[in-house]
Amino acid sequence: MNLLIKNGRVIDPSQGFDDVADVLVEAGLVKEIGKSLKAPAGVATVDAAGKYVVPGLVDMHVHLRDPGLEYKEDIVSGTRAAAAGGFTSIACMPNTKPVIDNKAVAGYIINKAKSEGFCNVFPVGCITYGMGGERMAEMGELKEAGCVAVSDDGRPVANAELMRRALEYARGIGILVISHAEDLALVGEGVMNEGFTSTELGLKGIPRVAEDIATARDVMLAEYTNSPLHIAHVSTRGSVRLIREAKARGVKVTCETAPHYFTLTDDAVRGYDTNAKMNPPLREADDVAAIKEGLRDGTIDCIATDHAPHHLDEKDVEFNVAANGIIGLETSLPLSLKLVEEGTLTLNQLVEKMSINPSKIIGISRGSLKIGSVADLTVIDPTAEWTVEPEKLASKSRNTPFAGWRMKGAATCTILGGVVAFPR
């Protein structure tokens with residue numbers, strides 16, 4: 001499909017471009033960027049006046065629940081939610097049922113996404129068989145099947161020797177290891193952040209050090225083995241400091257955080273709201289400040305959603321037994337745009353963290369509007385105001401702590417390979 005996107009503010013940090021311009025797409029590729037381009041006969045036009053035109057957003061941490069848990073989400077609904085949120089590419093975590101520890105499951109996801117999905121899907125395979133933490137999965141087979149990284153996300157690899165070997169093996173075959181940094185002995189029976197609020201509510205807490213100590217271990221293993229490592233969903237000031245110091249030493253570590261960790265504190269749990277229960281848990285104000293500083297100074301490379309859909313029956317229960325996680329694909333962009341509005345990030349930095357950096361980290365050829373690039377683009381209206389009404393979201397699940405929030409900013413047109421995948 002050929003397409004001309006007219007008069008938008010085109011922002012592409014990958015080539016230092018930031019100007020009002022037109023983007024011509026031909027045969028699924030970016031053909032030309034310039035002023036006052038004329039649409040060839042038969043070319044559809046998208047009016048982007050007053051809007052941002054950026055490389056398609058990339059989310060490197062999504063739970064699609066398919067195969068096996070489709071009552072929460074499936075590849076069709078999850079990718080539709082991604083496109084509605086402005087994402088053209090997502091990486092899906094392996095804790096499906098069965099888990100992604102073999103090429104058959106990876107192949108199923110890739111093929112279903114290609115035939116029925118609304119965005120590109122890149123599976124993440126397991127580090128260990130069955131995510132059991134005892135035996136390394138066949139990483140080479142997973143990579144050949146199309147996996148862009150390996151992770152036991154949702155469960156830490158407790159055995160340090162196994163994690164060391166996984167890092168060494170992954171480095172050898174050129175696949176990224178993503179760490180779920182958490183010490184389960186320190187987590188114990190905790191269900192929220194350990195602090196004043198947990199004491200007031202009478203809920204068992206999870207100390208920050210449960211994340212910090214695991215981050216420190218995996219960073220040290222990455223340094224020792226000289227292997228690339230990505231730390232998922234960073235939530236504590238301690239983890240930010242450890243990663244900042246490691247980067248200064250030259251350790252090959254990258255990391256992500258999620259919008260809820262720079263937007264909410266553990267006060268959101270008051271009222272025993274299970275939609276504020278997640279793993280790692282919401283922290284305190286000084287952690288939120290550290291996360292924002294980590295984003296500002298480049299310690300935190302990416303903003304990922306950790307989109308974790310759950311059925312109402314798994315959330316509408318006592319707080320102690322409720323499932324962890326929230327949906328985030330459709331609220332990530334406006335919450336992240338607030339970082340620009342308040343001066344934490346520039347718009348260019350935001351595009352880097354939501355498109356360019358995740359593309360580089362998982363090694364996919366996206367995150368750029370250079371001539372000849374795949375025409376994955378997101379058109380953003382920064383002034384669009386809307387209210388989060390969970391029942392109107394594209395995801396199958398409704399578990400969001402942002403219900404009723406007034407949002408500013410939305411993807412108005414998500415273009416996948418030159419084809420409009422989601423118009424608003």
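## Working through a predicted model

P98 sits in the loop between β7 (87-92) and α2 (103-116), where helices (H or I, at least four residues) and strands (E, at least two) are DSSP runs numbered from the N terminus. This is a predicted model, where local features need pLDDT of at least 70 and side-chain atom pairs count only at pLDDT 80 or more, while totals for chains, interfaces and linings use all residues. Residues are numbered from 1 along each chain as its sequence is written, and side-chain values use heavy atoms, with hydrogens and water left out.

**Exercise 1.** Work out whether the peptide bond from K97 to P98 is cis or trans, then do the same for D66 to P67.

*Solution.* Start with omega for K97 to P98: it is near 5°, and the bond is cis. Next, take D66 to P67: omega is near 20°, and this bond is cis as well. Finally, find P67 on the chain: look in the loop between β6 (57-62) and α1 (75-84).

**Exercise 2.** Find phi for S36 and for M131, and say whether S36 is buried or exposed and whether M131 is buried or exposed.

*Solution.* Step one: S36 isn't a glycine, yet its phi is positive, at about 50°. M131 is another residue other than glycine with a positive phi, near 55°. Step two is location: S36 lies between β3 (29-34) and β4 (44-47), in a loop, and M131 is in the loop between β8 (120-125) and α3 (139-145). Step three is accessibility, using a 1.4 Å probe and protein chains only: under 20% relative accessible area is buried, over 50% is exposed, and in between is partly exposed. S36 has 57%, so it's exposed. M131 has 5%, so it's buried.

**Exercise 3.** Which residues form an aromatic pair, and how are their planes arranged?

*Solution.* Here's the rule: rings of Phe, Tyr and Trp (its six-membered ring) pair if their centres lie within 6.5 Å, and planes under 30 degrees apart are stacked, over 60 edge-to-face, the rest tilted. Applying it gives one aromatic pair. The partners are F402 and W405, with 4.8 Å between centres and 80° between planes, which makes the pair edge-to-face. Now check each partner: F402 is buried at 1% relative accessible area, whereas W405 is partly exposed at 30%.

**Exercise 4.** Describe the surroundings of L337.

*Solution.* First, place L337: it's in helix α12 (residues 332-341), and it's buried, with a relative accessible area of 9%. Then list its contacts (heavy atoms within 4.5 Å). Skipping residues up to four places away in sequence, L337 touches L347, L350, I380, K408 and G409. Last, compare sequence with space: L337 and L350 are 13 residues apart along the chain, and 7.7 Å separates their C-alpha atoms.

**Exercise 5.** How many residues of each class line the largest pocket?

*Solution.* Begin with the lining: there are 22 residues, and H63, N95, D153, G154 and R155 lie nearest the pocket's centre. (On a 1 Å grid over the protein atoms alone, a pocket is an open set of points where a 1.4 Å probe fits, with protein on both sides within 12 Å along at least five of seven lines; lining residues have an atom within 4 Å of a point.) Now sort them: six are nonpolar (Ala, Val, Leu, Ile, Met, Phe, Trp, Tyr, Cys and Pro count here), four are charged (Asp, Glu, Lys and Arg), and twelve are polar (the others, Gly among them).
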